[in-house]
Amino acid sequence: MKKLYLITALLGTFILAAAPPTFRPKIQVKKVSNFTMENGIDHPAWNETSGHEFRVLVYNHQNMYRRPTEPATVKYLYDDKNFYVLADMVDSDVMTTGTESGSHFYLQGDLLEIFIKPANANYYWEIYGTPNKLNTRFYFGSRSAVGLPSGFKHKDVDIKVAVKIDGTFNNPLDRDKSCKILVAIPLAELNRPHLTKENPAGTVPFTPGFEWRVLAARYNYSRHLSGLELSSFPQIYGGYHTLEYFAEMELLK
């Protein structure tokens, strides 16, 4: 058994050592003004913001660099109130069976999933935005707490979702073209006090000068695909909770 653990560890180390530069890239996030959820998807600031291309989830070295069948990109902005995540996704079948915020939407249909954490603290968030404007907010004191029910308690922290679909929502009889999902995460949530008995690490401010990390992931269900397609930026090995390979964000003033 010890030999098996050793072989598995060595194989994982080899694959990660050979990981492409899409693992843990460094990105810059600009500050925006006059941004609302009503004009957010079409805000002109996105035209001056770099898009980051999704790659498929890596299970072995053959998946590295591979683009998903239906491509997607993600862009980031922030202001004094929110951190904004905009995903632009080719989508042949925009759908979800989810009907209530706080659900585990990855089991229910198309989904934009956002992981965000400070670089030098263990706590992090798992946040969802769906094509019918629902959201979920999960919070983990550390990765070791992911399996605990307490981490999956949804709280309404005023996350907002806007959507723009080129096609028809929840209609499997036609072929859609695309879906854009914009998620606004309140800075009040990211900056809330963490120096508590449950969160002894303290608070890392979401502000320039402090390093944060982010992952944007996608669950793509479609009757036009041969199976569920998982992709993300940056590209991730094994699963979306591989925190070591999240993108490093530099918040610009």
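The mean pLDDT of this protein chain is 88, and 86% of its residues reach 70 or more. Keep in mind as you look around that this is a predicted model. One stretch calls for some care: over residues 1–18 pLDDT stays under 50, and for this stretch the model has 6 contacts beyond four places in sequence.

Let us turn to the interior. In soluble globular proteins, nonpolar side chains tend to be buried together. Here the largest nonpolar core has 39 residues, and those touching the most other members are Y76, F83, V183, L190, F206 and M249. There is also a second, separate core of 22 residues, with Y219, L243, Y245 and F246 among its members.

From the cores we can move to strand β13, which spans residues 247–251 and contains A247. A247 has a relative accessible area of 0%, so it counts as buried. If you set aside residues up to four places away in sequence, A247 touches P25, I27, W212, R213, V214, F233 and P234. Of these partners, F233 is worth a look along the chain: F233 and A247 are 14 residues apart in sequence, with 7.8 Å between their C-alpha atoms.

Next, find D110 in the loop between β5 (82–90) and β6 (111–118). What is the nearest side chain of opposite charge to this buried residue? R218 is the one, but it is 6.0 Å away, and D110 has no salt bridge. A salt bridge would need a side-chain nitrogen of Lys or Arg within 4 Å of a carboxyl oxygen of Asp or Glu. The side chain of D110 does, however, reach a backbone atom, the nitrogen of Y221, at 2.8 Å. Beyond its neighbours within four places in sequence, D110 is in contact with D91, D93, V94, M95 and T96, with T130 and P131, and with Y219, N220 and Y221. Y219 in that list is also a member of the second core.

Finally, is K177 buried or exposed? With 58% relative accessibility, K177 counts as exposed, because the cut-off for that label is over 50%. K177 sits in the loop between β9 (160–166) and β10 (178–186). Apart from residues up to four places away in sequence, K177 touches M89, V90, D91 and D166. D91 lies 86 residues from K177 along the chain, yet their C-alpha atoms are separated by 5.4 Å. D91 also links this tour back to the buried loop residue, as D91 is among the contacts of D110.

Key. Residues are numbered from 1 along each chain as its sequence is written. This is a predicted model: local features need pLDDT of at least 70, side-chain atom pairs count only at pLDDT 80 or more; totals for chains, interfaces and linings use all residues. Side-chain values use heavy atoms; hydrogens and water are left out. Helices (H or I, at least four residues) and strands (E, at least two) are DSSP runs, numbered from the N terminus. Buried means under 20% relative accessible area, exposed over 50%, partly exposed in between (1.4 Å probe, protein chains only). Lys and Arg count as positive and Asp and Glu as negative; His and the chain ends are not counted. A polar contact is a pair of N or O atoms within 3.5 Å; within protein, one must be able to donate a hydrogen and the other to accept it, and residues adjacent in sequence count only if both atoms are side-chain atoms. Contact means heavy atoms within 4.5 Å. A nonpolar core is a set of buried Ala, Val, Leu, Ile, Met, Phe, Trp, Tyr and Cys residues joined through side-chain atoms within 4.5 Å. pLDDT is the predictor's confidence in each residue, from 0 to 100.
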